[in-house]
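Dear colleague,

Please find below the structure that I am handing over to you. My notes on what was found in it follow directly after.

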Amino acid sequence: MQGLTDFHHHIRARTRDVALHVTAKHAARHDADYSVPMETMRALHENGVLDICIDRKLGGQGTGMLNAVDPLAYLLVIEELGRADMSAAHCFQIEAHTCQLFTAAGSDEQKRRYVGPAKERGALFSWTGSEPGRTARGQYNLISDAKRKDGGYVLNGIKNFATLANVADWNVIAVTVADMASPENFLLVAVPRGAHGFVVDEAWWRPTGMRGAVSPKLELKNVEVPDRDVIQGPGFYPRSQYGARLHLGFAANHLGAAQGLLDFAIDYLPKRGTVNNPHSQRVIGEMCMQIEAARQMIYTAARLWEGQAREGAAEYALMAKLFAISMAEWMVDETIRIVGSTALLEQYPVNRFVRDIHVHSTHANLHNTAQ
């Protein structure tokens, strides 16, 4: 790929090794069991990829979208994992985004307590803003609230789609501070695993696809959070506009999944005996073109966020996300047409890709992105 650095090729090769030899091997089981692909997360830690967004002061590689340091690097990891399993790719995305948040906005003491164990032993994070009814109310209009008390806050409410919350050491939770106006009342706090009143309902997660990206429902029942676990303070996140920078993770995952479908088709068609079918050849050619177009848009969008030259970066990132997701949905229909119904049996990965793309494209709010 033109324009990639030696570091990019290095990260891509290491991730591809994990995706081929670990992620793909276990993806079907995690899909069937609704379980987190921990083998992939451990393998990424062991081969030096999981720390790609950890602060360099802690021994990580310090890249990311939020600090505008080589943001393409972690997107390449998501893309390569997505070729084998979108659930594993999303789990890494949540880990990477949370590490980026701590790197860009955490205090030195917070980085040491939260991120140090991630560097040392691969500790995992969850970051949850979603809650029932949020789509209708708007991004910063939350019902889960935080009431001020001496030295901290008390949290109450319900959150959902809390990816990795069942295995995370720390959970970043979005709430709103009582008696403050929006969006200045928007608050991010870190809650440790096992905190009193922090209830993780893992059984809630029973979706059609993305089953391995286990995303429980959370109940906050008088959860006490000291000031040392508040990320900067009320209103910080809306003011930072960090949310606008995180769309490309979804784009990279759909790009990877589309590439995974193409990989399968190219391997499967000769076995089916239809590799010389003119329709199949035309579709394969168009698939290659659409995937390459999406890849170029995503890579260009990532580079727009680097340094200070960010004019138009947010808008272009949204277009890249929209195009990549639409392309992946188109790939589903075209792949099924040329590989045939037998390839949809459970022993093949196509049925999992179809379900995962359908569920994840819904979660990524495709139509809201277009609007």
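A residue is called buried here when its relative accessible area is under 20%, and exposed when that area is over 50%. Please bear in mind throughout that this is a predicted model.

I begin with helix 3. Helix 3, residues 72-82, is mostly covered, as eleven of its eleven residues are buried. The buried set includes nonpolar residues such as Leu72, Leu75 and Ile78, and also Glu79 and Glu80. On its surroundings, the buried residues of helix 3 pack against helix 1 (6-33), helix 2 (38-46), helix 4 (86-105), helix 8 (248-272), helix 9 (278-304) and helix 11 (350-363).

Two residues of this helix, Tyr74 and Leu75, reappear in the description of the core. The largest nonpolar core has 99 residues, and those with the most contacts inside it are Tyr74, Leu75, Phe92, Leu101, Leu188 and Leu248. Helix 8 gives the most to this core, namely twelve residues. Another core, of 18 residues, lies apart from it; among its members are Tyr153, Ile173, Val189 and Val191. In soluble globular proteins, nonpolar side chains tend to be buried together.

Which residues does Tyr74 contact, leaving aside its neighbours within four places in sequence? They are Ile52, Cys53, Met65, Phe92, Ala96, His97, Gln100 and Gly249.

Helix 5 comes next. The 14 residues of helix 5 (residues 108-121) should span 20 Å at 1.5 Å a residue, and its end C-alpha atoms are 19 Å apart, which agrees. Helix 5 nevertheless bends by about 40 degrees at Val115, and a proline, Pro117, follows within four residues. Both Val115 and Pro117 are among the buried residues of helix 5, together with Gln110, Lys111, Arg113, Tyr114, Gly116 and Ala118. These buried residues pack against helix 2, helix 4, strand 1 (125-128), strand 4 and strand 5. Just after helix 5, Gly122 takes a positive phi of about 80 degrees.

As to the strands, strand 7 (residues 217-226) pairs with two others described here. Strand 3 (residues 152-159) runs antiparallel to strand 7 and is joined to it by eight bridges; within this pairing, Val154 has Glu224 as its bridge partner. Strand 6 (residues 198-201) also pairs with strand 7 in the antiparallel sense, over four bridges, and Val199 stands opposite Glu219.

Some points of backbone geometry remain. The loop between strand 4 (170-177) and strand 5 (186-192) holds Pro183, and the peptide bond from Ser182 to Pro183 is cis, with omega near 0 degrees. Asp179 also has its place in the loop between strand 4 and strand 5. Asp179 has a positive phi of about 70 degrees although it is not a glycine. Ala68, in the loop between helix 2 and helix 3, has a positive phi of about 60 degrees and is likewise not a glycine.

Are these two residues, Ala68 and Asp179, buried or exposed? Ala68 has a relative accessible area of 10%, which is under the 20% cut-off, so Ala68 is buried. Asp179 has a relative accessible area of 83%, which is over the 50% cut-off, so Asp179 is exposed.

With kind regards

Technical notes:
Residues numbered from 1 in each chain as written. Heavy atoms only, no water. Buried < 20%, exposed > 50% of the residue type's maximum accessible area, 1.4 Å probe, protein only. Contact = heavy atoms within 4.5 Å. Core = buried A, V, L, I, M, F, W, Y, C linked by side-chain atoms within 4.5 Å. Pairing = 2+ DSSP bridges. Expected span 1.5 Å × (residues − 1). Bend = angle between axes of the 7 residues up to and from the residue.
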